[in-house]
Amino acid sequence: MTDQKFNCVSIQKKCIELNPHLYKAIQIIQAPFLPVKRNHQFLTQGQNLLLAGLNDDWHIIACWIICLQTDKLNPNKSPYNLQYFQDRKIWGQVLNAQLNLCAGVQQFKSINKIYPSYYKRWISCMQEIRNWQVNSIIESPTISGNQPILKTQQIQGIRKFIKELRENNKILLSNREDTQHNYDLLDTAIKLASSENSPAERECFRKKYWEPFLDAYSIYATDIYNNSELKSVFPWKDGLAHQDIGRFAPRRILFEAKLEQKLKQQSSVS
């Protein structure tokens, strides 16, 4: 077991006592996420490496959410001050803000048979997000020779997404079967922040839940731009490639070597 995996397991065990409801939610979210219909043998080495890395990222993100929700862990001490934890901090803050937004929606609009608790709503949203990430790897256009979504496009997409939500109450997300939970959350939040409830309640909801959620996403876009470690990494030919702002590396990279090591470690454990 690696030190990183040990750190994540230890932190999640602490969460059982600190917040058992949060712990149960995180365990559900971290269940195996590779679709049953797809077999590992049909995936490229690069895709398998990215899936292993994605699984690893979600364990670290869970540790950040536990830290932010319980306020009992020191974010300035190990493992939180290590670089691979720091690189995932902002995304952890986004998903933590989304958990708080789910709680706010539940507080101001509690009658909902689909989501009996805000944890249930959050779990549904997180499972959708994980599926999007997995499918983006499995269905990577670079396998067929097309261009992937690169870092600059990702930043532009996030900024446009937030701008439309903040200024126009417009959701740049289709209301489909694979997006319905996140769409419903945003749609309900927009109504609570702009039209439903009394002016005082609307203002409370906006300041405590809606604006922090939008701000977290805005900070995330800036973090992607400034942090060269947060590259767009994608399958390319027989391996991986990455693209940073103005730089493209189609050859074997250090990131691939690190993921190869993780994949071997996971195979030996299982």
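From the N terminus on, the elements of the protein follow the order α-α-α-α-α-α-α-α-α-β-β-β-α. The count is 10 helices and 3 strands. The model is predicted. Its mean pLDDT is 86. A value of 70 or more is reached by 84% of the residues. Confidence is uneven along the chain. Helix 5, residues 89–108, has the highest mean, at 97. Helix 10, residues 254–269, has the lowest, at 60. Where pLDDT is low, the predicted coordinates should not be read in detail.

Burial and contact range were examined next. The protein has 270 residues, and 44% of them count as buried. Among contacts with a separation of 6 or more, 68% join residues 24 or more positions apart.

The largest nonpolar core holds 67 residues. Within this core, Leu-22, Leu-95, Trp-122, Phe-205 and Trp-210 touch the most other members. At least two core residues come from each of helix 1 (3–18), helix 2, helix 3, helix 5, helix 6, helix 7 (151–168), helix 8 (180–194) and helix 9 (199–226). Helix 3 supplies the largest share of the core, 13 residues.

Leu-22 serves as an example of these core contacts. Neighbours within four places in sequence are left aside here. The remaining partners of Leu-22 are Cys-15, Ile-65, Ile-66, Gln-69, Leu-99, Tyr-119 and Trp-122. One of these partners, Trp-122, is also among the core residues that touch the most other members.

The search for enclosed space gave 1 cavity of 30 Å³ or more. The volume of the largest cavity is about 50 Å³. Its lining consists of Ile-26, Ile-29, Gln-30, Trp-58, Ile-61, Ala-62, Ile-65, Trp-122 and Met-126. Helix 2 (20–29), helix 3 (45–70) and helix 6 (118–138) each give two or more residues to this lining. Helix 3 gives the largest share, 4 residues. By class, the lining has 8 nonpolar residues and 1 polar residue. Charged residues are absent from the lining.

The cavity and the core have several components in common. Trp-122 lines the largest cavity and belongs to the largest nonpolar core. Ile-65 is another lining residue, and Ile-65 is in contact with Leu-22. Helix 3 provides the largest share of the cavity lining and also the largest share of the core. Helix 2 and helix 6 likewise give two or more residues to the lining, and each supplies at least two residues of the core.

Conventions. Residues numbered from 1 in each chain as written. Predicted model: local features only at pLDDT ≥ 70, side-chain atom pairs only at ≥ 80, totals over all residues. Heavy atoms only, no water. pLDDT = per-residue confidence, 0-100. 1 Å grid on protein atoms, 1.4 Å probe; cavity = no way out; pocket = protein on both sides within 12 Å on 5 of 7 lines; lining within 4 Å. Points joined across faces, edges and corners; volume = space filled by probe spheres on them. Nonpolar A, V, L, I, M, F, W, Y, C, P; charged D, E, K, R; others polar. Core = buried A, V, L, I, M, F, W, Y, C linked by side-chain atoms within 4.5 Å. Buried < 20%, exposed > 50% of the residue type's maximum accessible area, 1.4 Å probe, protein only. Contact = heavy atoms within 4.5 Å.
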